[in-house]
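This report treats a single protein model in terms of its cysteines, its sheet and its nonpolar core. The sequence and structure are shown below.

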Amino acid sequence: MAFKAGDKVLIVSCDDDPRAAGRTGRIVDEVPPGPLTGGRWTVNGISWLIAPVLCHAHELRPA
């Protein structure tokens with residue numbers, strides 16, 4: 001699934017930080033992810049205790 005910057009997403013699971021699972025955040029990336037991030041989207045605004053995380057598209061759902 002393709003997301004755009006600012007989209008609100010539900011993190012279903014996250015290999016980068018399992019604490020983020022079940023929370024919502026916003027997509028940061030202006031362009032689709034590439035090889036630098038391993039094809040993962042950057043999600044921010046999850047919690048003040050959780051830094052931005054990298055999640056694969058199958059780990060995210062539109063919120």
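How many disulfides does the structure hold? The structure holds zero disulfides, a disulfide being a pair of cysteine sulfur atoms within 2.5 Å. The model is a predicted one, in which local features need pLDDT of at least 70 and side-chain atom pairs count only at pLDDT 80 or more, while totals for chains, interfaces and linings use all residues. Residues are numbered from 1 along each chain as its sequence is written, and side-chain values use heavy atoms, with hydrogens and water left out.

**Cysteines**

C14 is in no disulfide, and its nearest cysteine sulfur, that of C55, is 3.1 Å away. C55 likewise is in no disulfide, the sulfur of C14 lying 3.1 Å away. C14 counts as buried at 5% relative accessibility, and C55 counts as buried at 0%. Here buried means under 20% relative accessible area, exposed means over 50%, and partly exposed lies in between, with a 1.4 Å probe and protein chains only.

**Sheet**

Five strands form an open sheet in the order β4-β3-β2-β1-β5, with antiparallel pairing. Strands (E, at least two residues) are DSSP runs numbered from the N terminus, and two strands pair if DSSP finds at least two bridges between them. In general, strands of a sheet pair through backbone hydrogen bonds, either parallel or antiparallel. The edges are taken by β4 and β5 (60-62); each has a single partner strand, so one side of each is left without a neighbour in the sheet. From one strand to the next, the twist averages 45°, where axes are lines fitted to C-alpha atoms and angles run from 0 to 180 degrees between N-to-C directions.

β1 is joined to β5 by three bridges in the antiparallel sense. On its other pairing, β1 meets β2 (residues 24-27), also antiparallel and over three bridges. Two bridges join β2 to β3, and these strands run antiparallel as well. The table lists bridge partners within these pairings.

| Residue | Partner | Strand of partner |
|---|---|---|
| V9 | P62 | β5 |
| I11 | L60 | β5 |
| K8 | R26 | β2 |
| V9 | G25 | β2 |
| R26 | N44 | β3 |

V9 thus has a bridge partner in β5, P62, and another in β2, G25. R26 is the partner of K8 and also stands opposite N44.

Which side chains of β1 are buried, and which are not? The side chains alternate along this strand: V9 and I11 point to one face and are buried, whereas K8 and L10 point to the other and are not.

T24 belongs to strand β2. With a relative accessible area of 33%, T24 is partly exposed. Beyond its neighbours within four places in sequence, T24 is in contact (heavy atoms within 4.5 Å) with K8, V9, L10, G45, I46 and A63. The C-alpha atoms of T24 and N44 are 8.9 Å apart, although the two residues are 20 apart in sequence.

**Nonpolar core**

A nonpolar core is a set of buried Ala, Val, Leu, Ile, Met, Phe, Trp, Tyr and Cys residues joined through side-chain atoms within 4.5 Å. The largest one has 13 residues, of which I11, I27, V43, I46, V53 and L60 touch the most other members. β1 (8-11), β3 (41-44) and β4 (53-55) are the elements that give two or more residues to this core.

What does L60 contact beyond its sequence neighbours? Leaving aside residues within four places, its contacts are F3, V9, L10, I11, I27, W41, V43 and C55.

V53 lies in strand β4 and counts as buried, at 2% relative accessibility. Residues up to four places away aside, V53 touches I11, C14, D16, D17, A20, W41, T42, V43 and I46. V53 and G25 are 28 residues apart along the chain, and their C-alpha atoms are separated by 9.6 Å.

**A buried aspartate**

D17 is found in the loop between β1 and β2. D17 has a relative accessible area of 14% and is therefore buried. Its side chain makes a polar contact with the side chain of R19 at 2.9 Å. Such a contact is a pair of N or O atoms within 3.5 Å; within protein, one must be able to donate a hydrogen and the other to accept it, and residues adjacent in sequence count only if both atoms are side-chain atoms. Outside the four places on either side in sequence, D17 touches I50 and V53.

Note on methods
Helix = DSSP H or I, 4+ residues; strand = E, 2+ residues; numbered from the N terminus.
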